[in-house]
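Welcome, and thanks for taking a look at this one. Have the sequence and the 3D view ready, and we can walk through some local features together.

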Amino acid sequence: MVLGEDGLDSVEFMISLNEGEPLKALAKVASGGEKARFMFALKSLYAINSDLSLLVFDEIDIGISGKTATKMANVMKRHAKTMQILVITHLPQVAAKADYHYAIYKELVDKRMQTQINILNFEERTLAIASMLSDDEITPFAIEQAKKLLS
């Protein structure tokens with residue numbers, strides 16, 4: 001930390017990623033997923049302690065997957081009981097927990113790219129999550145997995 005004339009100018013978070021390891025600078029030793037989880041925890045704690053009414057997570061789940069993604073999604077769902085949560089994600093586990101699911105995409109209109117946003121109904125949502133689970137082709141298995149995540 002550097003304390004200047006105008007107060008605290010910078011902060012360096014120190015972290016031990018494994019039990020028994022010494023503290024090291026988070027920015028130097030943490031993976032993308034570890035940084036994402038740290039930022040998620042920091043933003044969550046700040047939101048709760050500051051009594052915020054809106055919390056935005058823009059791809060905060062980058063670098064994580066599986067059980068960790070599900071745990072983050074569950075925490076987001078709990079936050080949504082007391083505040084508005086806006087989440088931009090590419091993870092099916094996170095998207096499936098939403099109360100409302102929007103598709104954001106770009107299309108060429110009159111030789112200009114325009115961003116479009118549409119709220120998805122259940123069938124569209126199932127296909128969107130199946131797409132997140134798929135390669136080039138949405139398979140029946142991906143659709144079943146999407147339905148399972150949504151249930």
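## A walk through the model

Met14 is found in strand E3, which covers residues 14-15. Keep in mind that this is a predicted model. With a relative accessibility of 45%, Met14 counts as partly exposed. From Met14 to Glu137 there are 123 residues along the chain, and their C-alpha atoms are separated by 44 Å.

Let us turn to a pair with a shorter separation. Asn74 belongs to helix H3 and, at 28% relative accessibility, is partly exposed. Its C-alpha atom and that of Val94 are separated by 8.2 Å, with the two positions 20 residues apart in chain numbering.

Helix H3 also takes part in a charged contact. How many salt bridges does the count come to? It comes to one, and the partners are Asp99 and Lys77, whose side chains meet with an N to O distance of 2.6 Å. Lys77 sits in helix H3 (residues 66-79) and Asp99 in the loop between helix H4 (92-95) and strand E7 (102-109), so the pair ties together parts that are 22 residues apart in sequence. As general background, side chains of opposite charge can pair when their charged atoms come close. Is Asp99 buried or exposed? Asp99 is exposed, at 54% relative accessible area, while Lys77 is partly exposed, at 32%.

The loop that holds Asp99, between H4 and E7, is also where Tyr100 lies. Tyr100 is exposed, with 61% relative accessibility, and it is one of the members of a nonpolar surface patch. The other residues of that patch are Tyr102, Ile104, Ile117 and Ile119, and together the five have about 590 Å² of accessible area. Which strands each supply at least two residues of the nonpolar patch? They are E7 and strand E8, the latter spanning 112-119.

Tyr100 and Tyr102 turn up again at the largest pocket, among the residues that lie nearest its centre; the others named there are Val87, Ala98 and His101. The volume of this pocket is about 840 Å³, and 25 residues line it. At least two lining residues come from each of H3, strand E6 (84-88), H4, E7 and helix H5 (122-133). E6 provides the largest share, with five residues. What is the make-up of the lining, in nonpolar, polar and charged residues? There are 18 nonpolar residues, four polar ones and three charged ones.

Finally, a look at the backbone. Most residues other than glycine have a negative phi. Two loop residues here have a positive phi without being glycine: Asp51, with a value near 55 degrees, and Lys111, with a value near 65 degrees. Asp51 is placed between helix H2 (32-49) and strand E5 (54-58), and Lys111 between E7 and E8. Is Lys111 buried or exposed? Lys111 is exposed, with a relative accessible area of 79%, and Asp51 is exposed as well, at 69%.

Here are the accessibility values for several of the residues visited along the way:

| Residue | Relative accessible area | Class |
|---|---|---|
| Asp51 | 69% | exposed |
| Lys77 | 32% | partly exposed |
| Asp99 | 54% | exposed |
| Tyr100 | 61% | exposed |
| Lys111 | 79% | exposed |

Conventions: Residues numbered from 1 in each chain as written. Predicted model: local features only at pLDDT ≥ 70, side-chain atom pairs only at ≥ 80, totals over all residues. Heavy atoms only, no water. Salt bridge = Lys/Arg side-chain N within 4 Å of Asp/Glu carboxyl O. Helix = DSSP H or I, 4+ residues; strand = E, 2+ residues; numbered from the N terminus. Buried < 20%, exposed > 50% of the residue type's maximum accessible area, 1.4 Å probe, protein only. Patch = residues over 30% accessible without salt bridge, like charges linked within 9 Å, V, L, I, M, F, W, Y side chains within 5 Å. Areas by Shrake-Rupley, 256 points an atom, 1.4 Å probe, with all protein chains shown as cover. 1 Å grid on protein atoms, 1.4 Å probe; cavity = no way out; pocket = protein on both sides within 12 Å on 5 of 7 lines; lining within 4 Å. Points joined across faces, edges and corners; volume = space filled by probe spheres on them. Nonpolar A, V, L, I, M, F, W, Y, C, P; charged D, E, K, R; others polar.
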